[in-house]
Amino acid sequence: MRVYHGSLERVPKPEIREPNRTLDYGSGFYTTTSYEQAEQWVRKRMDDRRMRKGYINEYELNPDQLRSFKCLLFDKPTDEWIDFVMNNRLKRGFTHDYDVVYGPVANDRVYTCFALYEGGLMSKENLLAELRTYDLVDQYLFHTERSLRLLTFIKGKELLL
């Protein structure tokens, strides 16, 4: 299976970096099976930082190898997925011990719904019902150094503005 990571640089050797903001699944190395999602993400970063060049990094991932790792897998939005994302985004110092986390991306459109839920303006049931109407892309978080060895770099495709 191919997975993609949008970045301002080629990333032949993925590494875990501490983010400067809270993320859906915590700190680690994020990829997606959606080339379009990776491209959208890197183009937003290029625009935010006024950069003229970025990369879509492509990796091979053998899903059968995931069996020997501690994984948390969400096929679709669930109560547990909402709780996990909210804990990662809101609880200072929250951490988990999963090697790999897989599930839907809580992108900007989804995050608006999360903000309504967080503010008490939307129930969890209504949030789930709303999210299930969206065509959500996926993401893999590689949370441990050991899990990064699951990724084999294929290429970094340069994108220009």
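## Exercises on a predicted model

Strand E3 (residues 53-61) is mostly covered, with seven of its nine residues buried, where buried means under 20% relative accessible area, exposed over 50% and partly exposed in between (1.4 Å probe, protein chains only). Strands (E, at least two residues) and helices (H or I, at least four) are DSSP runs numbered from the N terminus.

Before you start: this is a predicted model, in which local features need pLDDT of at least 70 and side-chain atom pairs count only at pLDDT 80 or more, while totals for chains, interfaces and linings use all residues. Residues are numbered from 1 along each chain as its sequence is written, and side-chain values use heavy atoms, leaving out hydrogens and water.

### Exercise 1: the sheet

Find the order of the three strands in the open sheet, and trace the partners of asparagine 57.

*Solution.*
1. Begin with strand E1 (residues 2-7), which pairs with E3 in the antiparallel sense over six bridges; two strands pair if DSSP finds at least two bridges between them.
2. Now turn to strand E7 (residues 151-160): E3 and E7 are also antiparallel, over nine bridges.
3. The order is therefore E1-E3-E7, and E1 and E7 stand at the edges with a single partner strand each, so one side of each has no neighbour in the sheet.
4. Look at asparagine 57 in E3: this residue is the bridge partner of histidine 5, and in E7 the bridge partner of asparagine 57 is glycine 156.
5. For one further pair, find tyrosine 59, opposite phenylalanine 153 in E7.

### Exercise 2: two helices

Work out how helix H2 (residues 79-90) and helix H4 (residues 124-131) cross, and which residues make the contact.

*Solution.*
1. The two axes come within 10 Å and cross at roughly 100 degrees. Axes are lines fitted to C-alpha atoms, for helices over the stretch in contact, with angles from 0 to 180 degrees between N-to-C directions.
2. That makes H2 roughly perpendicular to H4, a label for angles of 65 to 115 degrees (under 35 is roughly parallel, over 145 roughly antiparallel, the rest oblique).
3. Asp79, Trp81, Ile82 and Asp83 of H2 meet Lys124, Leu127, Leu128 and Leu131 of H4; contact means heavy atoms within 4.5 Å.

### Exercise 3: lysine 70

Is lysine 70 buried, partly exposed or exposed?

*Solution.*
1. Locate lysine 70 in the loop between E3 and strand E4 (71-73).
2. Its relative accessibility is 39%, so lysine 70 counts as partly exposed.
3. Lysine 70 touches Asp97, Tyr98, Asp99 and Val100, not counting residues up to four places away in sequence.
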